[in-house]
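Here is a quick walk through a structure you may not have seen before. Take a look at it first, and then read on.

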Amino acid sequence: MSITINLHLSGGLRAILPDRPECITVTCDRPELAGQILIEAGINPRVIMKLIVNGRVADKSDIIDQDAEIYLIAPMAGG
Amino acid sequence: MLFGYAGTILCVDAGSGKIDKQPLPPSLAERFIGGRGFVAKLLWDRLPPDTDALAPENVWLAATGPLTGHLLPASGKTHFGAKSPATGGYADSNMGGHFGPALKYAGYDVLMITGRADAPSILVIDNQSVALRPADAWWGTGALTCETALKKELGEDFQILTIGPAGEKQVRFACMSHDFGRQAGRTGLGAVLGSKNIKAIAVRGSGGLTAFDLEGVYQAGRQAFDKVKAKPGFAGWTPEGTAGITNWVNEVGVFPTRNFKTSYADFYKNINGQAILEHLKITDKGCYCCPTPCGKYGKAKTVLGTVFVEGPEYESIALLGGNCLLSKIEEVAYANWVCDELGLDTISAGAVASWAIECFEKGLLSQEQIGRDVAFGDLAAVAHLLEIMAARKGIGDLLAEGVMRAARQIGGGSEDFAIHVKGLEWTGYECRNAPGMMLAYMTADIGAHHNRAWVLGHDMAGSAANVHDLVSAGGSGDKIGKATIKDKEKPVIELQHIRPLFDCLGICRLQYMELGFEGDNYADLFQLITGRSLTWQNLLAVSERVWQLTRTFSVREIADFGRQYDYPPARFSNEPVPSGPNEGHCLSRDELDALLDAYYAARGWDKNGIPTAAALERVGLEDISRELAACR
Amino acid sequence: MHLTAEHAKCSGCRACLLVCALENFREINPARAALAIAGHFPSPGTFSIRVCDQCGACAEVCPVEAIYLKDDVYLIDAQECTGCLTCVDVCPNEVLFPPINGDDCPVKCTSCGACVSICPRDALHLEGD
């Protein structure tokens, strides 16, 4: 089994992590916690507020068990 | 010709009733762009020396930017300003909705009000016809009630700005309200209008705007909407709006609770964005031309009544929910509605209420003084405090002065937990383990405010030795290592230019900040609208100029202004966080000084935080530098 | 083709009004739009969108037959229009708007679809007859 995950960093996130590219690709050989995938990609889960997984809002504690385009949203200021 | 602008500053002397339409000087547009830039420069130029913020001579401003009202995402912002009733220095406040576009369509980039009307009045701007009318029927009514009445009286096509009873009573954190749920909340600008006897401003604009390249703007504007809709985060942001951050701030332990004593609420899932969707929401309500409406308009049922309210926004969740320990979303929404109707800034009012409750717990305020027992978590108590501060009734008269002044009067150590900077109450992020954000609050020009530079993400990134030390699911209750204080001034300064730039352009920053809609798009639209070719970096340079100007304004207005005004309250140095993810952390005076020293050096200010002549000249403010030297 | 509206999706942003004026008049002026947004606040807290459904009531009452049907869309012939505004009064959806800025001819929806394209809420649709 091989799962390919493309992590897309939002503009706000890249302001915090300027040395990271816009897209980081991670490959897993089994289903994995979204938060763990972030760690393996070298991204501190604490700087991620929300994940959009294949177009749907997800959590760091969700399991990713298929190929995914994941958009990472940094926290922002509330009004 | 100034393409894209309306071309006129509308000056109203409320005392004499004189209306003066002045051409917008091209040099003002060129140097300061618009919006916040106009506010800063016009305040500098037109405020008479030694003016008290609540005196008739104070200058109240509403300013749009060159992009306001044009076909591009979120072009509905209005920027307000005056000398601050809260701090005595620079004050501004930004508001969404539809007021700014209406002002431009009526033919005005800026509305300036000076003087004081003899009797309560409303200002009606119907395109070129401008007049003050008696407000007897509405003086004393709630801000929302007044808007409802004026919409009925004047017509639905008027955009309305109102103050509530709190503004009439010149409460130092009274706000201005618009569109049944938008506010210009901070710094007490509602009190300035109240001090001028202005209850409301109604605007109808049926004219059009110019653009340098109309076809180009039409095409680029539509493309801008398409680009924003295509952003991967587009669908994810709107559902919960700003309340969507509530889970995260608790997971990382920066959610203020109990008057900023603690920084985590175990009931946070009852007052988060999901709770709004489940229990309150009726409509996603948006500002002019906004593709990502963040307003959540809904209905809340509590034992005290059922109300319709837009919100609560995250800040109201933090300062009324967390800080006052209101643990149900309906209760937070109710308290939000009370503030909206009374015309109180939910942030400052929540901070004042929680300070008062802590004073009561410590025996510094009595049941007799307050009029009843109060406690954290008691909605009726919070509502009572809000009512007496808005009415300036009994001890409410002191509470209406804000935590800084109230604590000076009450004493007994209450100044240590009066959570403010410069006299403006703190907003929804507890920073004892967030040094970058602490610095942002310390150096925000209007006082403690988060929206100039929001660097909590940077603070979180810097809070672990390496990423594998972290818990994978980011759960609450896991302790967070001490965040580094090194190099925090860099992202703070960078964001202090980026975020307020949108306040100069007259539009919302959300699509840029949250969805990654690139800055170059705005530069392109600016060129098509105004004909001026400025890169994104050029625009940021203007924003930096404005930043130096607003600091210098406070230097001019506050006699002993300087470093001492930049410190946070003693609680944040003397009381380590007692529990939660950031347990044990605080920032010492030495660490605060290190943050300030690095910041001042990067800004080109002296060790007392005063902009030097060189710093002002570097950003093209030689005239300001000379004028400051002349009056010191 | 005529417009239909899903009111519950409307956020009140009014981008539709601005794009209508730009598409039809090349003016940056939402007062020149051929549709309208109504806010119902504080209660019930919703928006409604008034659109032209091409019902033809305006054409029926026009005393000089200046309103004609073309490809299922009622259009006003500006040369024939006398500016009597009878059509404005009779429109059941109140989406015929009096002229402004010295024109004679009222503003009427041409089913161009610009509003449908811009609406970020997917609240407007063009449906065939």
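## Odd spots in the backbone

Ile33(B) sits in the loop that links α1 and α2 of chain B. Helices and strands here are DSSP runs, numbered from the N terminus: H or I over at least four residues for a helix, E over at least two for a strand. Before going further, note that this is a predicted model: local features need pLDDT of at least 70, side-chain atom pairs count only at pLDDT 80 or more, and totals for chains, interfaces and linings use all residues. Residues are numbered from 1 along each chain as its sequence is written, while chains are lettered from A and ligands numbered from 1 in the order in which they are written.

Back to that loop. Ile33(B) is not a glycine, yet its phi is positive, at about 70 degrees. Is Ile33(B) buried or exposed? Ile33(B) counts as buried because it has 27 C-beta neighbours inside 10 Å. The rule is that a residue is buried if 20 or more other C-beta atoms lie within 10 Å of its own, exposed if 12 or fewer, and partly exposed in between, with C-beta atoms placed from the backbone.

Chain C has a positive phi to show as well: Arg26(C), another residue other than glycine, has a value near 50 degrees. Look for Arg26(C) in the loop between α1 (15-25) and β2 of chain C. With 13 C-beta neighbours inside 10 Å, Arg26(C) counts as partly exposed.

Why point these out? Most residues other than glycine have a negative phi, and most peptide bonds are trans. On the peptide-bond side, the loop between β2 (36-40) and β3 (46-50) of chain C is where Pro42(C) is found, and Pro44(C) lies in the loop between β2 and β3 of chain C too. Each of these prolines follows a cis bond, as the table shows.

| Cis peptide bond | Omega |
|---|---|
| Phe41(C) to Pro42(C) | about 5 degrees |
| Ser43(C) to Pro44(C) | near 5 degrees |

## Chain B as a whole

Chain B holds 27 helices and 17 strands. Its C-alpha atoms fill a box of roughly 60 × 55 × 55 Å along the principal axes. Does the overall size fit a compact globule or not? For 632 residues, such a globule would have a radius of gyration near 26 Å, and chain B, at 23 Å, agrees with that. (The radius is taken over C-alpha atoms, and the globule rule is 2.2 Å times the number of residues to the power 0.38.) Of the 632 residues of chain B, 66% count as buried.

Contacts tell you about the fold too; two residues are in contact if their C-beta atoms, placed from the backbone, lie within 7 Å. Among contacts in chain B with a separation of 6 or more, 72% come from residues 24 or more positions apart.

An automatic or database domain assignment splits out domain 1 (8-204), domain 2 (241-425) and domain 3 (435-631) of chain B. The C-alpha centres of domain 1 and domain 3 of chain B are 27 Å apart. Between those two, 37 residues of domain 1 of chain B are in contact with 29 residues of domain 3 of chain B. On the domain 1 side of chain B, α2(B) brings the largest share, six residues.

## A small sheet

Chain B has an open sheet of three strands, ordered β13-β14-β15, with antiparallel pairing. Strands count as paired if DSSP finds at least two bridges between them. β13 (281-285) and β15 (305-310) of chain B are at the edges with a single partner strand each, so one side of each has no neighbour in the sheet. From one strand to the next, the twist averages 15 degrees.

β13(B) and β14 (residues 295-302) of chain B pair over four bridges in the antiparallel sense. Which residue in β14(B) is the bridge partner of Asp284(B)? That is Lys296(B). Helix α12 (residues 329-342) of chain B lies across β14 and β15 of chain B, at about 105 degrees to β14(B). Axes are lines fitted to C-alpha atoms, for helices over the stretch in contact, and angles run from 0 to 180 degrees between N-to-C directions.

## Where the chains meet

Two pairs of chains are in contact, and chains A and B share the most contacts. That contact takes 32 residues from chain B and 30 residues from chain A. On the chain B side, α19(B) gives the most, with five residues. Chain A and chain C have no contact, and their closest C-alpha atoms lie 17 Å apart.
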